Amino acid sequence: MRPVPPPTPPITVQAPPSVRPTWAEVDRDALVHNVRVVGDAVGGARRILAVVKADAYGHGAAHAARAFVEAGVFGLAVSLVEEGIELRAAGIAAPIVVLGGVPEGAEDAIVATGLRPVVWTRDHLDRLDAAVLRHAGGRVRVHVKVDTGMSRLGVLPSDLPALLDRLRQARDTIVVEGLMTHFARAGDADGEAATRAQHEAFVACVPEVTRALGREPPLLHCANSAALARFGWTHLDLVRPGIALYGGAPRAELALPGLRPALSFHSEVVDVRELPAKARVGYGGHGRLDRPSRLAVVPVGYADGYPHAASGRGEVLVRGRRCPLVGDVSMDISMVDVTDVPGVRPGDRVTLLGRQGDAEIGLFELCGWTGLLPYEVTCGISKRVPRHGR
Ligand SMILES: *Cc1c(COP(=O)(O)O)cnc(C)c1O
């Protein structure tokens, strides 16, 4: 038998923090400002549930959540129980609504951390009821979701009576704080009629819920960013913006005036290459130089969430000037033509999304080059990219 080698000792030397200069900046003032813009759009009496699922659409959940809470939102919404627990662990005490329901095995954590799940099945209620009894004392607040046409999550209006019966039985353990639905087509150019139909189906459920529970649920809500920007009749008691709070919109035409993009994405020139005409650049040789060129090597690629689909189309900012990408964006590296920008040298900032002086690469522009949704761009900036708060 061969001897078993001793375990490798742990490596204690840390790489210095910015060996690879690629990062995202998340502007806290912009997040706070956007809460005000949304608040003004919906009227001061309406509450805001700030959607911070998926690491706050890639902006960093705890950083964004703190900014939103300080700006005065009613609470936060996440998709997963894990995301809610992460916010609690970061010391955030505000109401947290879990949009994704009550996964089996999550009920005790929900009760213990005071999360407020969205519910739509009897099974959700059975398991929450049992968990509250196990915890002895306290109650769990829930938001009941009605499926009015998204056909994804929520109880169909026809199945609402049975769910309300179960809620009545659980009135000592489960408190209905909200009644909600979610729109499928609020962002579509021709989506108004479908959104109205969903809204009417939702409002039609309210008397029945009120009768069954002996009071109207305190918070009726349905508006995402698109609905709140376009249709005032969807505002009700509370609105649920996500992308608007980050300064975006599902489409450029739906952006509320005055929003400020909160996230910018940057890297640096690490090398400048002088290459002859006719050289081919990058994988597949897809970049072709038709003149002697100076190319900047930029250490950012699709593994960072800079989309491969920007290859051959996208532009970045260097020294305040727009410069085209050359060839394919690869996993870790992108090449940029800086022939027309004098003096570019290693260490110069490269802005992939955001401003340099008066020049700006906007979210919708990047979406135009790539066919990506604005949501995909910010959610897609990978964990490998450090977020710096500002
Ligand atoms: C994600 C989400 C929102 C926010 O949507 P935006 O388009 O980002 O405003 C609102 N409500 C629900 C149920 C969601 O899942």
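Biologist: How many aromatic pairs does the count come to?
Modeller: This is a predicted model, and the count in it comes to five aromatic pairs.

Biologist: Take Phe265 and Tyr306: why is that pair called edge-to-face?
Modeller: Start with the distance: the ring centres are 6.4 Å apart, and the cut-off for pairing is 6.5 Å, so they pair. Then the angle: planes over 60 degrees apart count as edge-to-face, and these two sit at 65°. That makes the pair edge-to-face.

Biologist: What makes you say the pair links distant parts of the chain?
Modeller: The two residues are 41 residues apart. Phe265 is in strand β10 (residues 263–268), while Tyr306 is in the loop between β14 (293–298) and β15 (315–318).

Biologist: On to the ligand. How do you know that Lys53 has a polar contact with an oxygen atom of the ligand?
Modeller: A polar contact needs N or O atoms within 3.5 Å. A polar side-chain atom of Lys53 is 2.7 Å from a ligand oxygen, so it qualifies. Tyr57 passes too, because an N or O atom in its side chain lies 2.6 Å from an oxygen of the ligand. With Gly242 the backbone does the job: a polar atom there is 2.9 Å from a ligand oxygen.

Biologist: How much of the ligand does the protein bury?
Modeller: The protein buries 92% of the 390 Å² that the ligand exposes when taken alone. The ligand sits in the largest pocket.

Biologist: Which classes of residue make up the shell?
Modeller: Six nonpolar, four polar and three charged residues.

Notes
Residues are numbered from 1 along each chain as its sequence is written. This is a predicted model: local features need pLDDT of at least 70, side-chain atom pairs count only at pLDDT 80 or more; totals for chains, interfaces and linings use all residues. Side-chain values use heavy atoms; hydrogens and water are left out. A polar contact is a pair of N or O atoms within 3.5 Å; within protein, one must be able to donate a hydrogen and the other to accept it, and residues adjacent in sequence count only if both atoms are side-chain atoms. Accessible areas come from the Shrake-Rupley method with a 1.4 Å probe; for residues, only the protein chains shown count as cover. On a 1 Å grid over the protein atoms alone, a cavity is a set of points where a 1.4 Å probe fits but cannot get out, and a pocket is an open set with protein on both sides within 12 Å along at least five of seven lines; lining residues have an atom within 4 Å of a point. A molecule sits in a cavity or pocket if more than half of its atoms lie within 2 Å of its grid points. Ala, Val, Leu, Ile, Met, Phe, Trp, Tyr, Cys and Pro count as nonpolar, Asp, Glu, Lys and Arg as charged, and the others, Gly among them, as polar. Rings of Phe, Tyr and Trp (its six-membered ring) pair if their centres lie within 6.5 Å; planes under 30 degrees apart count as stacked, over 60 as edge-to-face and the rest as tilted. Helices (H or I, at least four residues) and strands (E, at least two) are DSSP runs, numbered from the N terminus.
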